[in-house]
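Here is a quick walk through one protein model, stopping at a handful of residues and helix pairs. Have the sequence and the 3D view open as you read.

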Amino acid sequence: MRAAGCSRTVSSVTGLTLQCAARTDVGRRPNNEDAVFASPRLAAVADGVGGGAAGEVASRTVIDALVHVDKCRLQGPLQDALVEGIAQGNETIGFIAACRPTMAGMSTTLTAVALGDDGAVLANVGDSRTYLLRDGALTQLTRDDSWVQLLVDSGELTLEEARNHPRRSLVLAALDGDPDRHAALTTFDARPGDRLLLCSDGLSDVVDDDALEATLRMASRAECAGRLIDLALAAGGRDNISAIVADIEPRRDPSTAW
């Protein structure tokens with residue numbers, strides 16, 4: 001397989017960087033099917049789909065593909081490198097599943113943010129989420145690929161009803177090796193002072209937006225990430241819980257440029 005957008009060109013030292021704190025917890029599950037990655041250029045959370053075979057392998061596989069993207073110098077637009085990296089992770093999931101029948105059907109959600117000199121790119125598939133805290137106000141940047149989201153969109157459920165719906169974990173799209181699977185990609189206007197939260201549904205299913213917003217106002221990223229995990233555990237969440245708290249800051253270290 002071809003490397004995702006690799007070259008040895010030198011990029012500009014101007015731009016933005018991510019300063020991250022990442023936490024993941026097994027919760028009340030027997031094993032952790034979440035995988036996380038955070039660097040000054042890229043942050044990602046993947047959640048192996050509950051009930052599927054080898055969800056932890058699927059989540060780790062797509063995260064490993066993004067780690068490779070992070071290690072490369074960009075060749076072309078950032079969005080293209082992110083698309084290719086996700087496609088390679090998805091292809092590898094399919095290859096592993098084909099070679100190991102016990103892993104057939106494995107899949108994973110993904111939410112990822114990448115910063116480059118040509119902007120900020122957000123990729124999402126499934127029901128892991130990315131939020132933006134700007135000027136003290138919280139906004140959800142992603143849309144869930146889930147059954148209950150369709151019911152909310154059609155007006156059949158309120159957001160509060162969706163939070164407690166028995167089928168709230170039923171995802172309609174995930175990376176499962178099918179070449180037609182793609183993450184939704186958007187760009188957004190990242191600014192110094194913004195704070196991002198990337199999380200699995202083990203957090204967002206049990207901690208409401210008001211509590212997320214209040215906690216994200218904490219000054220320390222590490223304390224904030226730890227507090228979010230604690231809130232989910234205290235709320236009785238049974239799923240794996242992952243959170244990356246990422247502050248967007250001006251880039252001063254040339255080594256973090258793509």
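## A loop residue to start with

Where is the place of D135? D135 sits in the loop between β8 (129-134) and β9 (137-140). Keep in mind throughout that this is a predicted model.

Is D135 buried or exposed? Since anything over 50% relative accessible area counts as exposed, D135 makes the cut with 77%. Its backbone deserves a look too: D135 has a positive phi of about 55 degrees, even though it is not a glycine. For background, most residues other than glycine have a negative phi.

## The chain as a whole

Zooming out, the protein chain has seven helices and twelve strands. Its length is 258 residues, and 51% of them are buried.

How do the contacts spread along the sequence? Take contacts between residues at least 6 apart in sequence: 73% of these join residues at least 24 apart.

## T61 and the α1/α2 pair

Now find T61 in helix α1, which covers residues 55-71. T61 has a relative accessible area of 11%, so it counts as buried, the limit being under 20%. Its side chain reaches back to the backbone oxygen of V57, at 2.7 Å.

Which residues is T61 in contact with, leaving aside its neighbours within four places in sequence? They are G89, T92, I93 and I96. With T92, the C-alpha to C-alpha separation is 7.1 Å, for two residues that are 31 apart in sequence.

Those T61 contacts are part of a helix pairing. Helix α2 (residues 78-99) packs with α1 at an angle of about 145 degrees, and the two axes are 8 Å apart. The crossing is right-handed. On the α1 side, the contact uses V57, A58, T61, V62, A65, L66 and V69; on the α2 side you'll find A81, L82, G85, I86, G89, T92, I93 and I96. Sorted by class, that makes eleven nonpolar residues, four polar ones and no charged ones.

## N124 in strand β7

N124 belongs to strand β7, residues 119-125. With a relative accessible area of 5%, N124 is buried. What joins the side chains of N124 and T111? A polar contact of 2.7 Å does.

Leaving aside neighbours within four places in sequence, N124 is in contact with L110, T111, R129, T142, R143, D145, A183 and A184. So T111, the polar partner, is also on this contact list.

## The α6/α7 pair

Further along the chain, helix α6 (residues 209-216) packs with helix α7 (residues 221-234) at an angle of about 155 degrees, with axes 9 Å apart. Angles over 145 degrees count as roughly antiparallel, and therefore α6 and α7 get that description. As with many a helix pair, handedness can be given too: α6 passes α7 in a right-handed crossing.

Which residues make the contact? From α6 come L212, T215 and L216, and from α7 come C224, R227, L228 and L231. By class, the residues of this contact divide into five nonpolar, one polar and one charged.

## L233, also in α7

Stay in helix α7 for the last stop, L233. L233 counts as partly exposed because its relative accessibility is 24%, which falls between the buried limit of 20% and the exposed limit of 50%.

Which residues touch L233 from beyond four places in sequence? The contacts are D25, G27, R28 and I241. R28 makes a nice example of a link across the sequence: L233 and R28 are 205 residues apart along the chain, yet their C-alpha atoms are separated by 8.5 Å.

Technical notes. Residues are numbered from 1 along each chain as its sequence is written. This is a predicted model: local features need pLDDT of at least 70, side-chain atom pairs count only at pLDDT 80 or more; totals for chains, interfaces and linings use all residues. Side-chain values use heavy atoms; hydrogens and water are left out. Helices (H or I, at least four residues) and strands (E, at least two) are DSSP runs, numbered from the N terminus. Buried means under 20% relative accessible area, exposed over 50%, partly exposed in between (1.4 Å probe, protein chains only). A polar contact is a pair of N or O atoms within 3.5 Å; within protein, one must be able to donate a hydrogen and the other to accept it, and residues adjacent in sequence count only if both atoms are side-chain atoms. Contact means heavy atoms within 4.5 Å. Axes are lines fitted to C-alpha atoms, for helices over the stretch in contact, and angles run from 0 to 180 degrees between N-to-C directions. Angles under 35 degrees count as roughly parallel, over 145 as roughly antiparallel, 65 to 115 as roughly perpendicular and the rest as oblique. A crossing is left-handed if the near helix is turned anticlockwise from the far one by less than a right angle, and right-handed if clockwise. Ala, Val, Leu, Ile, Met, Phe, Trp, Tyr, Cys and Pro count as nonpolar, Asp, Glu, Lys and Arg as charged, and the others, Gly among them, as polar.
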